[in-house]
Amino acid sequence: MSDSFAARPLDRGAPFYVAGHRGLVGSSVWRKLESAGFSRLLGQTSAELDLRDREAVFDFFAREKPTNVILAAAKVGGIAANSTFLVDFLSENLRIQVNVLDAALAHGVERLLFLGSSCIYPKLAPQPIKEEYLLTGHLEPTNDAYAIAKIAGILHVQAARRQHGRSWISAMPTNLYGPGDNFSPRGSHVLPALVRRYDEAQSSAVPLVVNWGSGNPRREFLHVDDLASACLHLLDNYDGASHVNVGTGEDHTIREIASMVADEVGYTGETRWDTSKPDGTMQKLLDVSMIRELGWRPTIGLREGIASTVSWYRDNIGAVRT
Ligand code: GFB
């Protein structure tokens with residue numbers, strides 16, 4: 001790729017802002033950076049800094065002068081939330097991104113990583129999906145508003161590279177899960193929803209569980225701690241214009257995922273599928289050759305990841321986001 005340069009490993013002593021450090025992704029990134037020896041991590045809760053407030057964001061960057069940034073703050077949710085709160089997903093994500101990226105540009109941030117999502121790709125993209133398939137077809141309607149905001153973020157980062165020579169990059173993770181996820185029945189993604197539903201059914205001896213859709217769509221799941229390690233790997237090793245897919249390269253039907261979760265929680269009752277609920281896209285498996293060539297691959301297997309998520313959920317049942 002012509003606009004791709006060898007990156008130098010980040011300075012572990014430079015101020016590093018993790019936007020969204022309390023979320024699923026940001027908290028994992030924070031733990032990863034701490035364990036990798038970063039000594040000046042900056043984080044703000046949404047009560048301390050509302051990223052939709054442009055003036056407040058500029059004041060924060062002027063005061064703290066971060067050298068490096070990971071933009072993990074976003075309004076996120078599963079298929080129901082995405083297809084219901086379209087304006088919120090479009091508007092809030094655009095405002096957060098534009099404010100953080102503009103402030104980072106104005107205040108000289110050197111390395112920045114923007115996080116997107118695999119839903120940026122066309123609904124009917126050939127599988128596995130290569131980075132270059134972006135903007136080659138229509139989006140999946142259940143998450144088009146969110147996807148358009150994320151696509152704008154990718155373009156914003158590329159524009160900062162082209163117009164201002166910034167060494168900023170973007171990563172596109174596949175479906176994520178792990179400790180600290182949102183387990184709310186209406187707002188969550190499928191994996192935490194299944195963990196909660198099957199765990200509740202098992203503990204109350206409910207004989208029937210009803211999941212959404214047909215169970216036939218295929219999804220690729222990446223543990224959030226693997227994503228965090230990929231983010232640091234990319235910042236240390238990659239400085240190119242193309243966004244980079246981050247996934248495992250393997251997918252499963254939702255039916256298979258449900259069965260793995262049921263096994264893990266010890267549920268032995270019946271499962272049915274409510275086909276009045278949307279399936280969403282039938283497959284979005286990422287082509288992960290690019291990140292593999294950059295020397296990264298995931299280390300947490302799906303069964304192991306589901307087991308640790310179930311155990312985290314059970315330990316934190318009183319405090320999970322509902
Ligand atoms: O994880 P999920 O909400 O998001 O749903 P997407 C994945 C699949 O699981 C769909 C099925 O086919 C759902 O119908 N499913 C079954 C369930 N039971 C449930 C349940 O109880 N809750 C949920 N949520 N799903 C999202 C996008 O799409 O993926 C976002 O809306 C984002 O924009 C995210 O990109 C990664 O994979 O369909």
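Thr-281 touches Lys-123, Glu-140, Pro-217 and Arg-219, not counting residues up to four places away in sequence. In this predicted model, Thr-281 is placed in the loop between strand 14 (270-274) and helix 9 (289-293). Two of the residues it touches, Lys-123 and Glu-140, are joined to one another by a salt bridge, and another, Arg-219, is among the positions that the unreviewed UniProt entry annotates as "binding site". The briefing below begins with that loop residue and then turns to the annotated positions, the salt bridges, the cysteines and the overall fold.

**Thr-281 and the Lys-123/Glu-140 pair**

- Thr-281 has a relative accessibility of 5% and therefore counts as buried, the cut-off being under 20%.
- The side chains of Glu-140 and Lys-123 form a salt bridge, with an N to O distance of 2.6 Å.
- Both Glu-140 and Lys-123 lie in the loop between strand 5 (111-115) and helix 5 (144-164), so their salt bridge ties together parts that are 17 residues apart in sequence.
- The two partners differ in exposure: Glu-140 counts as buried at 6% relative accessibility, whereas Lys-123 counts as partly exposed at 31%.

**Positions annotated as "binding site"**

- According to the unreviewed UniProt entry, the annotation "binding site" covers Arg-197, Trp-212, Arg-219 and Asp-279.
- Arg-197 belongs to helix 6 (residues 190-203), and its relative accessible area of 22% makes it partly exposed.
- Beyond its neighbours within four places in sequence, Arg-197 is in contact with Val-209, Val-210, Asn-211 and Trp-212.
- Trp-212 is part of strand 8 (residues 208-212); with a relative accessible area of 25%, Trp-212 is also partly exposed.
- When neighbours within four places in sequence are set aside, the contacts of Trp-212 are Ile-79, Ala-80, Pro-185, Arg-186, Arg-197, Trp-273, Asp-274 and Lys-277.
- Arg-197 and Trp-212, both covered by the annotation, are thus in contact with each other.

**Other salt bridges**

- The whole structure contains 14 salt bridges.
- One of them links Asp-287 to Lys-130, whose closest N and O atoms are 3.3 Å apart.
- Asp-287 lies in the loop between strand 14 and helix 9, while Lys-130 lies in the loop between strand 5 and helix 5, so this pair ties together parts that are 157 residues apart in sequence.
- Asp-287 is buried, with a relative accessible area of 10%, and Lys-130 is partly exposed at 30% relative accessibility.
- Arg-218 and Asp-251 form a further salt bridge, in which the closest N and O atoms are 3.0 Å apart.
- Because Arg-218 is in strand 9 (residues 218-219) and Asp-251 is in the loop between strand 12 (244-246) and strand 13 (252-253), the pair ties together parts that are 33 residues apart in sequence.
- Arg-218 counts as partly exposed at 29% relative accessibility, and Asp-251 is buried with a relative accessible area of 11%.
- Asp-50, Arg-52 and Glu-92 are linked in a network of salt bridges.

**Cysteines**

- A search of the whole structure finds 0 disulfides.
- Cys-119 is in no disulfide, since the nearest cysteine sulfur, that of Cys-231, is 16 Å away and a disulfide requires sulfur atoms within 2.5 Å.
- Cys-231 is likewise in no disulfide, and its nearest cysteine sulfur is that of Cys-119.
- Cys-119 is buried, with a relative accessible area of 6%, and Cys-231 is buried as well, with a relative accessible area of 1%.

**Overall fold**

- The secondary structure of the protein consists of 10 helices and 14 strands.
- A compact globule of 322 residues would have a radius of gyration near 20 Å, and the value of 19 Å for the protein agrees with this.
- The C-alpha trace spans about 60 × 40 × 40 Å along its principal axes.
- Of the 322 residues in the protein, 53% are buried.
- Among contacts with a separation of 6 or more, 83% involve residues 24 or more positions apart.
- The protein exposes about 14,000 Å², and carbon and sulfur atoms supply 50% of that area.

Key. Residues numbered from 1 in each chain as written. Predicted model: local features only at pLDDT ≥ 70, side-chain atom pairs only at ≥ 80, totals over all residues. Heavy atoms only, no water. UniProt positions renumbered as here; feature names shortened; annotations may be inferred. Helix = DSSP H or I, 4+ residues; strand = E, 2+ residues; numbered from the N terminus. Buried < 20%, exposed > 50% of the residue type's maximum accessible area, 1.4 Å probe, protein only. Contact = heavy atoms within 4.5 Å. Salt bridge = Lys/Arg side-chain N within 4 Å of Asp/Glu carboxyl O. Rg over C-alpha atoms; globule rule 2.2 N^0.38 Å. Areas by Shrake-Rupley, 256 points an atom, 1.4 Å probe, with all protein chains shown as cover.
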